[in-house]
Amino acid sequence: MDGKVALVTGSSRGIGAAIARELAARGAAVAVNHRDSADAAEQVVKEITAAGGRALAVRADVTDAGAVREMAAQTEAGLGPVDILVLNAHGFDEKVRALPLEVDVEALASVVSGQIRATMLPVQAFVPGMVERGGGSVVFISALIARDPWPMSITHGAAKAAMELAAKVLARTEARHGVRVNTVIAGITRTQASDQIPQDKLQKQAALIPMQRIGEPEDVARAVAALAGDDTAYVTGAFVPACGGALII
Ligand SMILES: NC(=O)c1ccc[n+]([C@@H]2O[C@H](COP(=O)([O-])OP(=O)(O)OC[C@H]3O[C@@H](n4cnc5c(N)ncnc54)[C@H](OP(=O)(O)O)[C@@H]3O)[C@@H](O)[C@H]2O)c1
């Protein structure tokens, strides 16, 4: 990925930070996007530069159109035009979990809207430049629950299912312009959120996964890097589960 510029939304921690590190380790200059956690984003930048890479922290709430436009300008000025866009930040409140007959429909609509904004605003800010330059690679981060729902997952599941549809349409419309669009589907992955789950509960969940362990952020990051890079130059519209066998497509 030498000479390429990547932007990873929501990469100050968790899966996004692992993706930023992985793309940088493969030679890309990486814009590390965050919303509130400037110190954590700077830490990721420091780790990348200490390892000999190039990175820049860029603040923007990816659900805010103006902020996304500013982030695009700041990234281009600091690192150059973006070749690889990773849509990792989901743009909704994790705490909305409810059964379908009980869910607050306004909250459901707001979660889906957050994911759509966090997806389509960066797409519209970065993909036209890729089209003009004749190529680029977009990787969406989806979740197992979009395809294998559990009772409280209507909000997250609907949001990610909407995002997956956007990925399919974009793959179709932009292929002729050399822009590839692929999706990595994460299962339960070790992050700050999973660290809050009691160990015994986490072990029970791991036992249900064919590979008998939950994912590490690096498992998702390596799948993203494979789809983002030129080894998969003829692959677009793909959905790759990084779920330890919990999802077979
Ligand atoms: N963890 C899992 O088990 C799992 C499973 C399946 C799918 N996923 C998907 O993987 C992706 C990453 O999940 P994660 O667990 O790594 O998330 P996380 O630990 O909650 O990290 C979220 C990252 O996104 C940033 N962020 C949040 N809202 C933002 C916004 N509106 N604008 C810009 N940045 C924003 C956060 O930065 P700030 O703190 O600055 O806001 C942080 O860097 C998500 O799309 C999630 O749905 C995760």
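## Salt bridges and the ligand shell

The side chains of E164 and R147 meet in a salt bridge, 2.8 Å from N to O. E164 sits in helix α5 and R147 in the loop between β5 and α5, so the pair ties together parts that are 17 residues apart in sequence. With a relative accessible area of 6%, E164 is buried, whereas R147 counts as partly exposed at 33%. Please keep in mind that this is a predicted model.

Helix α5 (residues 154-174) is also home to K160. What does a polar atom of the K160 side chain lie 2.9 Å from? Its partner is the backbone oxygen of I141. K160 has 6% relative accessibility, under the 20% cut-off, so this lysine counts as buried.

In total, the structure holds 8 salt bridges. Three of them are set out here.

| Pair | Closest N and O atoms |
|---|---|
| E164 and R147 | 2.8 Å |
| R21 and E47 | 2.6 Å |
| D230 and K4 | 4.0 Å |

The D230 and K4 salt bridge has its closest N and O atoms 4.0 Å apart. D230 is in the loop between α8 (217-228) and β7 (239-242), and K4 is in the segment before β1 (5-8), so this pair ties together parts that are 226 residues apart in sequence. D230 is exposed, at 57% relative accessible area, while K4 is partly exposed, at 27%.

R21 and E47 form a salt bridge as well. This pair links helix α1 with helix α2 (residues 38-50), distant parts of the chain, the two residues being 26 apart. R21 counts as partly exposed at 33% relative accessibility, and E47 is partly exposed with a relative accessible area of 33%.

Now to the ligand. Of the 26 residues around the ligand, S12, R13, D36, S37 and N88 come nearest. A polar side-chain atom of R13 lies 2.7 Å from a ligand oxygen. The backbone takes part too: a polar backbone atom of R35 is 2.9 Å from an oxygen atom of the ligand, and a backbone N or O atom of T189 lies 2.9 Å from a ligand oxygen. On its own, the ligand has 910 Å² of accessible area, and the protein covers 88% of it.

Which element gives the most to the shell around the ligand? That is β5, with 3 residues. By type, the shell residues divide into 8 nonpolar, 13 polar and 5 charged.

Finally, on the surface, L99, W150 and M152 make a nonpolar patch of about 230 Å². L99 is found in the loop between β4 (84-87) and α4 (105-133), and L99 counts as partly exposed at 32% relative accessibility.

Definitions and conventions. Residues numbered from 1 in each chain as written. Predicted model: local features only at pLDDT ≥ 70, side-chain atom pairs only at ≥ 80, totals over all residues. Heavy atoms only, no water. Near = heavy atom within 4 Å. Polar contact = N/O pair within 3.5 Å; in protein donor to acceptor, adjacent residues only side chain to side chain. Areas by Shrake-Rupley, 256 points an atom, 1.4 Å probe, with all protein chains shown as cover. Helix = DSSP H or I, 4+ residues; strand = E, 2+ residues; numbered from the N terminus. Nonpolar A, V, L, I, M, F, W, Y, C, P; charged D, E, K, R; others polar. Patch = residues over 30% accessible without salt bridge, like charges linked within 9 Å, V, L, I, M, F, W, Y side chains within 5 Å. Buried < 20%, exposed > 50% of the residue type's maximum accessible area, 1.4 Å probe, protein only.
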